[in-house]
Structure formats: structure tokens, C-alpha cells
Amino acid sequence: SPENVISVSIVEDDESLRSIYASWIENAEDFKLLSQYDNGQRASEGIPADRPDVVLSDINLPGLNGVECVRKLKLELPKIQFVIITVYEDSDRIFNALEAGATGYLLKQTPREELLSALREVHQGGSPMSSGIARKVVQCFRKPASTHEENELSQLSKREEEVLELLARGFLCKEISAELGISTHTVDT
């Protein structure tokens, strides 16, 4: 597909939601909808042949859940970016998804333009998250580490904390780079 067109596969078991996302993507000129799946098993079998740039996946799928589906596909196809879209805001699910290889995490009430811009952002190397999700991520970093967990989480630099704080407030990577006067590459890192 042309350089500037982002190809997308959707994995969502709710038929009405799936058709809404599909129409959003089909009607956006810089996107191409490659495929749609209603469960994780079919997605994990079909997506390697589709080779999308980005996969938009629900977390709560029948059979193979969204996290396991991402984990399986990410190992096979490390270049694909996965954006989880979900109703769940609990930290465990968020971290499981990110740890499995998802790069973005959005809530289902995300409006059309915000969803499309998140897909663009993840394709350009960003890590889009609904601001409530980003805030939870920040709070987890801030928890006082038990002596047992004196790990890298408690050793964030001042700059890394500033970046997380801005992410939590819903800023985009490029806005953060402008705000802090650092490159978008540094923000992503």
C-alpha cells in the first residue's frame, strides 16, 4: 500500500462496534481496512497473512483473549503495532496488555477523530493512551516500591516523570516534545 496509507485489521466480537470502527477506518482517506475478526483465534490465524500496519483489538474476546492474541502475534510479527480498545480501566489488564506487546490503550468511548489520530500516532512511533489510562500508568510508577521491588520503576529520571505526567494529561507525543523542548524521538524513548 502507498507509503502514507495505514493498513488496519480490527479484532472485536461485538458486531455493532466492529462495524462502527470499520466504517470510521474505511471513510478516512489515510487508512485502508484490511480485515475484521470476531475472535482471537481467527485473528491469530488470519493476521499473519494480512500483514496490517496496525491492529485495533478488543481485550475481552471469546476463546483466545485480546492479550494472548497480541502476545502470539507480536512474537511472530514484531513490526505490527497493537492498539487495545476496551471498557476496562483496571491496572492489571492495562499492564498485561502492554507487557504482551500492545503499544496503545484506548477506552471504548473514544470518539472517532481521537481513535483515528491514535492509530496514526502509534503508526508513527507513539504510544497513544486515553488520559485516564495514562494516569493509572503514572500512579503505578509512583507507588512506593517495597524494598523487594527497588527496581527501574522507582528510578525514573525527572524528565521521564515530566513526560509521563503530560501523557497522563492527554498530551500527544509531538505536543510534549514542543512543551519540553525535546525531540519526539526522546519523548518516545
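In this predicted model, Cys 173 has a relative accessibility of 10% and therefore counts as buried, since the cut-off for that class is under 20%. Cys 69, at 2% relative accessibility, is classed as buried as well. A search for disulfides across the whole structure returned zero.

Cys 173 is also one of the contacts of Glu 121, a residue of helix α5. When neighbours within four places in sequence are set aside, Glu 121 touches Gly 126, Ser 127, Pro 128 and Leu 172 in addition to Cys 173. With a relative accessibility of 11%, Glu 121 falls under the 20% limit and so counts as buried. Glu 121 and Leu 17 are 104 residues apart along the chain, and their C-alpha atoms are separated by 22 Å. The loop between α5 (112-123) and α6 contains Gln 124. Gln 124 has a relative accessibility of 61% and therefore counts as exposed, the cut-off for exposed being over 50%. From Gln 124 to Asp 58 the C-alpha distance is 21 Å, with the two positions 66 residues apart in sequence.

Helix α1 was examined next. Helix α1 covers residues 15-26, twelve residues in total. The distance from its first C-alpha to its last is 16 Å, close to the 16 Å expected at 1.5 Å a residue. The buried residues in α1 are Leu 17, Arg 18, Tyr 21, Ala 22, Trp 24 and Ile 25. These residues lie on the same side of α1, because the arc they cover around the axis is only 160°. An α-helix has 3.6 residues a turn, so residues three or four places apart point the same way. Glu 15 and Glu 26 are exposed on the other side of α1. The packing partners of the buried residues of α1 are β1 (6-11), β2 (31-37), β3, β4 (81-86) and α5.

Strand β2 includes Leu 34. At 31% relative accessibility, Leu 34 counts as partly exposed, because this value is neither under 20% nor over 50%. Apart from neighbours within four places in sequence, Leu 34 is in contact with Ser 7, Val 8, Ser 9, Asp 50, Arg 51 and Pro 52. The C-alpha atoms of Leu 34 and Glu 76 are 18 Å apart, and the two residues are separated by 42 places along the chain. Arg 51, one of the contacts of Leu 34, sits in the loop between α2 (40-50) and β3 (54-58). Although Arg 51 is not a glycine, its phi is positive, at about 50°. Arg 51 has a relative accessibility of 56% and so counts as exposed.

Helix α6 also has twelve residues, numbered 131-142. At 1.5 Å a residue, α6 should span 16 Å, and its end C-alpha atoms are 16 Å apart, which agrees. Ile 133, Ala 134, Val 137, Val 138 and Cys 140 are the buried residues in α6. They cover an arc of only 160° around the axis and are therefore on the same side of α6. Among the elements covering the buried residues of α6 are α4 (91-100), β5 (104-107) and α7 (158-168).

In α7, burial is found at Val 163, Leu 164, Leu 166 and Ala 168. The buried residues of α7 pack against α6, α8 (173-180) and α9 (184-188). Gly 170 follows α7 and has a positive phi, near 90°.

Open space in the model was also examined. Rolling a probe the size of a water molecule over the atoms shows where empty space is left. The largest pocket holds about 590 Å³ of space. It is lined by 22 residues, and those closest to its centre are Leu 164, Leu 167, Val 187, Asp 188 and Thr 189. Two or more lining residues come from each of α4, α6, α7 and α9. Helix α7 gives the largest share of the lining, five residues. Leu 164 thus appears twice in this account, because it is a buried residue of α7 and one of the residues closest to the centre of the largest pocket.

Notes. Residues numbered from 1 in each chain as written. Predicted model: local features only at pLDDT ≥ 70, side-chain atom pairs only at ≥ 80, totals over all residues. Heavy atoms only, no water. Helix = DSSP H or I, 4+ residues; strand = E, 2+ residues; numbered from the N terminus. Expected span 1.5 Å × (residues − 1). Buried < 20%, exposed > 50% of the residue type's maximum accessible area, 1.4 Å probe, protein only. Arc of directions from axis to C-beta. Contact = heavy atoms within 4.5 Å. Disulfide = S-S within 2.5 Å. 1 Å grid on protein atoms, 1.4 Å probe; cavity = no way out; pocket = protein on both sides within 12 Å on 5 of 7 lines; lining within 4 Å. Points joined across faces, edges and corners; volume = space filled by probe spheres on them.
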